[in-house]
Amino acid sequence: MSVKISIPVVESARASTFTDALKVLIAVECFHAEAQIATGTTDDKVVLELPKEHKSLFESNAIVRYLASLSYPLDAQGIESSLIEWEETFLSSNLIADENVQDKTLSSADSVVGRAGFVKGQINASQIVLFSSLYAHSAKIVANTNSSLEHLKGWYTNFMEIPQVLKGVENAAKYTTPSGTQTGPKPGKTKTKTKSIVEKSEPMPRGNGERKLKAGCQMTVIFEKEILPKAGERNVLITSALPYVNNVPHLGNIIGSVLSADVFARYNKARNRNTLFICGTDEYGTATETKALEEGITPQQLCDKFHTVHADVYKWFDIGFDKFGRTTTPQQTEIAQDIFMKLYDNGFLTEKSTTQLYDETHHKFLADRYVEGICPLCGYEDARGDQCDGCGQLLNPLELKEPRSKLGGKVVVRDSTHIFLCLDKLQKDTEEWAEASAAKGKWSPNGIQITRSWFKMGLNERGITRDLEWGTPVPLKSMDGKVLYVWFDATIGYISITANYTDQWKAWWQNPENVELYQFMGKDNVPFHTVVFPASLIGTKQNWTKLHHINTTEYLQYEGGKFSKSRNIGVFGNNAQDTGVPASVWRYYLLSNRPETSDTQFVWADFISKNNAELLSNLGNFVNRIIKFVNAKYGAVVPEFDATEDVGLVNQAGFISDVNGFLKQYIDMLESAKERAGLALLMQISSRGNQFLQDNKIDNALFANEPRKCAAVVGLGLNLVYLLSALTWPYMPSTAESMAEQLNAPLARIPDSWSMDILPGHNIGHAAYLFTRIDEKKEAEWKAQYGGGSGAK
């Protein structure tokens, strides 16, 4: 597909317009774009036009992303997107500061490049963006002779030698001078949809793209080689329950842990806190063995397959893990076995002979998940050997009525020797810790209730080994051929995944004085995180970082029933993107319907209504209305205004007070991880913005007849959009990024109080629709597709 790219003439290689041209022209060469280059244009910006689609892109990074998407799918949540965001919010602005700041910025860039792991000769969008931004400092980088810029120099010189890059540099120098000439089309690729669709043509001449922002307004996303705790700062460690690797996650799984944890992690990062977000797939245990048996593959093959499935689903949902790992690693074996041996040496493990079910046909002891039968408590016919999905009670396989082997053989009873964790010996210390932590960390009510019920019943010895092949080997000679029970082993996965992220993992996990641990999960996982896992850590007698706050959810149901993969009922992670509805809309609906205190329902009619009546009509309308108006009437330049001056605005002081009141409540809710309430407050602020525009009648007459009042409405309105972009980022990051792009501003931090961060003279970007209407007729179509028909494949 042919595109048209307009390149303006610039005066020097240090001009920002040259950097923009360099990014785009290198991308044209590297991604073999079919592009018609128009040079010598009077506009100050590089512009990409899609004539057949009547669309244009005006931001150089967005253009590079679009051209890259013609060759390969962008990694929306990986290092690719993060590096481009870092260039936008930190690198580009600091490289034009004084020399001392520039030197520190280059040092930071060296750390970023060292962590990124770029492969020599490989080309992607983030490298093009970084290289172009650094190009004006080539001499300093290449001439560096000490080790301070070792990573940066090595990568930069290698990247500069790539033929397509050299050609792009040559074209940028040629096309941005008055003598530049127009080129013909380049070899092309395939059509891909761009992220932001820009509304074309404003009657006013546009500004020069200059940014005028209040110092310190942005989110300080500075990428280091490792995120580590810092003395004297608030350090937040966040985990999401490790999803089993044997299936595709459905919407209930996603809201129950990973999405909820992501919102809290993004909130803390938007508050400029030192935050690490860890998750990964839980890969050992009976569930994996039985699923692999069903599919006729090895457990390792199954884990490799579903780890990728999970990673892809979460990437599409904009889940911003700092590390998404897995439990089948050497670090897991080392750390789990070390904890086991410390418990053994401290006298908290005991060896006992147990009676187990045995498949006589296949000569195999049956671990809990190899057994199914009738629940003795509620009569559910398909209860598993470890837990009943009907009533939620934990079970022993021997308790099942009419037990049957998943291997299909004859079930008999035999004795086997196993290791038990002496929770009874650890109850006093664990219970005292739990009561103190629950009070200090403000645990969720159901977390407290479930934990106290375990202590009230009294803790007993609990088996932590199994007769399996797939798992962490028990480090005792007498237990040869046995593995650690997955629910002892899996929670240690948080630690081992962190160890795969950094060799200095103990700075996070053995630093309780300086680190706060927040853990997110569904309510069925509570006792393993509030009793078994902390008791195991307490029993080692080491100074572990233990749970500060547990945040749990109830269950999300689907249209009055349960999600069921076997019966193709419900929306699973891979189905969501097949609908064509953006991830931000899915995130909004799930979070606005988050089952925080009771079960909630996914309902298609409600899903469509929330998009149309809330996202589109409220937030989308407010942002689009004010940005279109400023583009049309002010040439995209923020007019002179004073937010404190009395120019006749309707209830000016009340408006500012309302926004600050909602902001304080939003922060209070998010500090306690009450995410549904926080989202409602975000939408209240947006609604208040719409009311403000309506009260003050922003239109052509106001612009023509009351210029000072109109300017004040615009100044306050744009600054409210900027505040909303910060508050939106934890919930809908792609939407927030589009809002910031339209404002021509970096991602904003979440402030304690609302301030005017966008100043007079600042040049905003072009308007773009945040949301589009969903036809109500889609309800019947989607219900037929996912309500028992062809969903969840």
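How far apart do the C-alpha centres of domain 2 and domain 4 lie? In this predicted model, the separation is 41 Å. Domain bounds come from an automatic or database domain assignment. That assignment gives domain 1 (3-176), domain 2 (235-347 + 422-553), domain 3 (367-406) and domain 4 (617-763). Residues are numbered from 1 along each chain as its sequence is written, and side-chain values use heavy atoms, with hydrogens and water left out. Local features need pLDDT of at least 70 and side-chain atom pairs count only at pLDDT 80 or more, whereas totals for chains, interfaces and linings use all residues.

Domain 2 places 14 residues in contact with 16 residues of domain 4 (heavy atoms within 4.5 Å). About 1,400 Å² is buried between domain 2 and domain 4; buried area is the accessible area (1.4 Å probe) that two parts lose on being put together, summed over both. Carbon and sulfur atoms give 54% of that area. In domain 2, Arg266, Tyr267 and Arg271 lose the most area to domain 4. Together they account for 41% of what that side buries.

Between domain 2 and domain 4, 2 salt bridges are counted (a side-chain nitrogen of Lys or Arg within 4 Å of a carboxyl oxygen of Asp or Glu). Arg273 forms a salt bridge with Glu671. Their closest N and O atoms are 2.7 Å apart.

On the side of domain 2 that touches domain 4, α9 (251-270) and β18 (547-553) are the elements that give two or more residues. Helices (H or I, at least four residues) and strands (E, at least two) are DSSP runs, numbered from the N terminus. The largest share, 7 residues, comes from α9.
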